[in-house]
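Subject: Structure handover

Hello,

Here is the structure I said I would pass on. Please look it over before reading my notes below.

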Amino acid sequence: MICIGIESTAHTFGVGIVDNSGKILANEKSVFTTENAGIHPRKAAEHHKLIYDKIIEKAMKSAKIEFKDIDLVAFSQGPGLGACLRIGANAARSLSIFLKKPLIGVNHCIAHIEIGKLYSGFKDPITLYVSGANTQILALASGKYRVFGETLDIGVGNFLDSFGRTLGIGFPAGPEIEKLAKKGKNYIKLPYTIKGMDFAFSGLQTKLNNISKKHSKQNLCYSAQETAFSELVEATERAISHIGKKEVLLTGGVAANSRLKEMMEIMCRKRNIKFSAVPPSLAGDNGTMIAWQGILEHKAGKKTRLIKSGIKQHWRIDEVNVVW
Ligand code: AMP
Ligand code: MG
């Protein structure tokens, strides 16, 4: 069985093709970027509208398959930006009708976890999910992915991107901040906000804005990363001692950051816990994770009727019954 997966929750239009054994046949994407601003939802949607057919074609070519070989069409049904989600949903509906193949709308956040499980071979991890809009500590309990800790304000990726704007870096800023941080030497003391299992980044963001002219970009980026990532590692460590699982998975766009991976690795090693981070190609939003999620849910007998395929902008992860 071959599934094509379409991702369009925010900045990325992605198309992945996966078979039922988990073999990745294609993982193509185009990311909306800016020189010195953030994501404008309508402009990102315009970007998706201009390139969606080309990315689908590109994925078909890399997978070396024809449309008749596709058995299932999966798409990111939510959560995300309405204007962007609609482009992917429309493309998926059209493909499903044209190919006369079942349609399956999946939860984007769950797909980030399941692709990490496929990659790592982990069965029941605690997941630190770090992306632009979302930052959560998740684990499966009584049939649902439950939120054990999360950001009280903005996602860590959004924090990095908006701090990047202060520094005059375009979107996405995470990779450039990582490069600058590697050259930083002096830690600048910054607000560290952690409340039980939850954490917050807006105080940190305000402080960085206020002092941005007083220090080098390198030291600012270094201190921003050390502070924000320490919050994430501390909360995950607490989750391990509360929940008692033996595996920790790092997933989402910020999981591409080598310093965050290193800090998580050190913490897990000390606690004798297995650790894995998704590779950069599967860290940021991608269609491959959507295709794989489609396969998992299809195997469990799920499908999405056309009339039920409307987008769900605010679809929380803990609303989904994990039946696969
Ligand atoms: P996602 O929404 O899962 O695609 O994640 C996108 C977010 O990941 C954006 O906020 C990026 O700035 C961030 N990001 C991407 N690469 C890196 C990196 N190497 N270090 C830190 N953040 C990153
Ligand atoms: Mg994402």
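The notes below cover the sheet first, then the aromatic rings.

Please bear in mind that this is a predicted model.

Sheet

The sheet is open and mixed, with five strands in the order 3-2-1-4-5. Its edges are strand 3 (24-31) and strand 5 (103-107), each of which pairs on one side only. From one strand to the next, the twist averages 20°.

At the strand 3 edge, strand 2 (residues 12-19) runs antiparallel to strand 3, and seven bridges join the two. Within this part of the sheet, Val-18 stands opposite Ile-24 of strand 3. Helix 1 lies across strand 1 (2-7), strand 2 and strand 3, and its direction is at about 160° to that of strand 3.

Aromatic pairs

The count of aromatic pairs is five. One of them is formed by Phe-67 and Phe-98, with the ring centres 6.3 Å apart and 85° between the planes. That angle makes the pair edge-to-face, because it is over the 60 degrees required. Phe-67 sits in the loop between helix 1 (41-63) and strand 4 (72-78), while Phe-98 belongs to helix 2 (residues 82-99), so the contact between the rings ties together parts 31 residues apart in sequence. Are these two rings buried or exposed? Phe-67 has a relative accessible area of 33% and is partly exposed. Phe-98, at 58%, is exposed.

Another pair is Phe-159 with Phe-163, where the centres are 6.4 Å apart and the planes differ by 10°. This one counts as stacked, because the angle is under 30 degrees. Both residues are in helix 4 (residues 156-166), four residues apart, which is about one turn of the helix. Phe-159 is buried, with a relative accessibility of 0%. Phe-163 is buried as well, with a relative accessible area of 1%.

Phe-159 and Phe-163 also belong to a cluster: ring pairs link them with Phe-199 and Phe-201.

Charge over a ring

There is also a lysine to look at beside a tryptophan. Lys-312 lies over the face of Trp-315, at 4.0 Å from the ring centre.

When you open the model, I would start with the edge formed by strand 3, where the seven bridges to strand 2 are found, and then turn to the cluster that includes Phe-199 and Phe-201.

Regards

Note on methods: Residues numbered from 1 in each chain as written. Chains lettered and ligands numbered in written order. Predicted model: local features only at pLDDT ≥ 70, side-chain atom pairs only at ≥ 80, totals over all residues. Heavy atoms only, no water. Phe/Tyr/Trp six-rings, centres within 6.5 Å; stacked < 30°, edge-to-face > 60°. Buried < 20%, exposed > 50% of the residue type's maximum accessible area, 1.4 Å probe, protein only. Lys NZ or Arg CZ within 6 Å of the ring centre and 35° of its normal. Pairing = 2+ DSSP bridges. Axes fitted to C-alpha atoms, helices over the stretch in contact; angles between N-to-C directions. Contact = heavy atoms within 4.5 Å.
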